[in-house]
Amino acid sequence: MRTAQHPATRHWRHALAPGRLPLAGHALLMGRKPLQFLASLPAYGDLVELRLGPRPVFLPCHPELVQQVLVNARIYDTGGPVKEKAKPILGNGLITSDWADHRRQRRLVQPAFQAARIATYAEVMEEECEAESTAWTAGRPLDVSHEMLALTARVTARALFSTDMAPHAVAEIQHCLPIVVEGAYRQAIDPTGLLARLPLAANRRFDDALTRLNQLIDRMIDDYKRADDGDRGDVLSALFAAQDDETGGTMSDQEIHDQVMTLLLAGIETTASALTWAWFLLGRNPRAEAALHAEVDEVLGGRAPRYADVPRLAHTQRVFSEALRLFPPAWLVTRTTTEATELGGRRLPPASDVLISPYVLHRDPALFPDPESFDPDRWLPERAKDVARGAYLPFGGGSRKCIGDVFGMTEATLALAAIAGRWRMRPIPRTKIRPRPQMSLTAGPLRMIPEPR
């Protein structure tokens, strides 16, 4: 295990990543096998330099350096090619806003995720998880990835907009979201910017899906303004009511639109992907699956889970935490320096791009013993205390840590418990899936067979 040393006394190892090509640099490696390529780099140094095209990019591989980047949000601001490509899609929301805007936005959005409101959203989670767990047919194969995406779409949509959304509105979100996410990533990794301008069918699908999502959000905002019936207990009501304690200001309709788009894209596919990986891992680890079933039976006694049960579903939460370690949805984030600074003894000029990869950290054997193994018990309190600060980042860190982390953990715990209370998920023999690094780390289709317990 790596032990913390004072930055002033530590000798940091620097390296240039191998495999650089003329002009392209490491862009082809990043485009073809980004996970394998990035995961190989900690062996070369604590701070590794890449080239994406002619531009240098720095990957901190040691948790101390990662923490230095994350906690200094003013110096290491959101930025880089991914952000620039995402901004036309997400607008100026929490993910894409610059440091000064982000501080204000965080103050305004935070009340929507206070504990009292999470308890209200959990009522929606309970209903939707129960509905999902009772809708399946014994022995009939299903696509777990599709089911988890549908579940998290319904939960997120109802938490955002408490009014009974017409079924076609939720279906619209389910249809458009994967297309937008895939298209956004395709554009983000294209260093030339030419791909998005080609008359491709994929680009037309992306433009159409993005337009439809934007129109749906605008209709919801207009409906709320016309109704003007106070706090409905949902996220949109909280955004309309939010007032900045420092300035007294509120959010404009466009700002609310951008936050809703951000929460849709950040809150649906990420949780769905992690849940899909959890079922995949449980299906291949009978011991962890048996422990999950035993806990659910003991805590719930055959009934559906409730929000009050979440603290007692400790193993269930550890299962999800371990799935997040092995397959973190936010597998790569970018930062850009706003001024000259030093990282790991290396001088970085202004506008230097920095990559942070939770996937790389989570799979580093110097940080996690036997890192490729699915071991939920590594998150038992007596073992988790040995995890180095900054080594586990499923929700990011610093002031830009995911604002919906508690929402996501609560939703996932209830979903795992509700489904595990009724079903044993059996993998189909010879089923192979591989991580798909897009805007989040997805699994793609995963067919499994639900067997009654």
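Begin by selecting Thr 271, which touches Thr 152, Gly 408, Glu 411 and Ala 412 when residues up to four places away in sequence are set aside. The model on screen is a predicted one, and this residue lies in helix H12. With the surface switched on, is Thr 271 buried or exposed? Its relative accessibility is 8%, and because buried means under 20% relative accessible area, Thr 271 counts as buried.

Next, keep helix H12 (residues 269–283) in view and add helix H11, which covers residues 253–267. Two packed helices are described by the angle between their axes and the distance between the axes. Here the axes of H11 and H12 come within 4 Å and cross at roughly 5°; since angles under 35 degrees count as roughly parallel, the two helices H11 and H12 are roughly parallel to each other. To see which residues make the contact, select Leu 265, Ala 266 and Gly 267 on the H11 side, together with Glu 269, Thr 270 and Thr 271 on the H12 side. Coloured by residue class, the residues of this contact of H11 with H12 divide into two nonpolar, three polar and one charged.

Glu 269 also leads to the next stop, for it is among the residues that lie nearest the centre of the second largest pocket, the others being Ser 145, Leu 149, Pro 178 and Gly 444. Rolling a probe the size of a water molecule over the atoms shows where empty space is left. This pocket has a volume of about 410 Å³, and 19 residues line it. Which elements give two or more residues to that lining? They are helix H7 (144–160), helix H8 (167–188) and H12. By class, the lining of the second largest pocket divides into seven nonpolar, eight polar and four charged residues.

Now move to helix H17 (residues 405–420) and select Thr 413, whose place is in this helix. Thr 413 is buried, with a relative accessible area of 0%, and it touches Val 310, Leu 313, Thr 316 and Gln 317, again leaving out residues up to four places away in sequence. A distance label between the C-alpha atoms of Thr 413 and Thr 316 should read 6.1 Å, although the two residues are 97 residues apart along the chain.

Finish at Asp 207 in helix H9 (residues 201–227), a residue that is partly exposed, with a relative accessible area of 44%. From Asp 207, draw a line to Asp 309: the pair is 102 residues apart in sequence and 42 Å apart in space, C-alpha to C-alpha.

How values were computed. Residues are numbered from 1 along each chain as its sequence is written. This is a predicted model: local features need pLDDT of at least 70, side-chain atom pairs count only at pLDDT 80 or more; totals for chains, interfaces and linings use all residues. Side-chain values use heavy atoms; hydrogens and water are left out. Axes are lines fitted to C-alpha atoms, for helices over the stretch in contact, and angles run from 0 to 180 degrees between N-to-C directions. Angles under 35 degrees count as roughly parallel, over 145 as roughly antiparallel, 65 to 115 as roughly perpendicular and the rest as oblique. Contact means heavy atoms within 4.5 Å. Ala, Val, Leu, Ile, Met, Phe, Trp, Tyr, Cys and Pro count as nonpolar, Asp, Glu, Lys and Arg as charged, and the others, Gly among them, as polar. On a 1 Å grid over the protein atoms alone, a cavity is a set of points where a 1.4 Å probe fits but cannot get out, and a pocket is an open set with protein on both sides within 12 Å along at least five of seven lines; lining residues have an atom within 4 Å of a point. Grid points are joined across faces, edges and corners, and a volume is the space filled by probe spheres set on the points. Buried means under 20% relative accessible area, exposed over 50%, partly exposed in between (1.4 Å probe, protein chains only).
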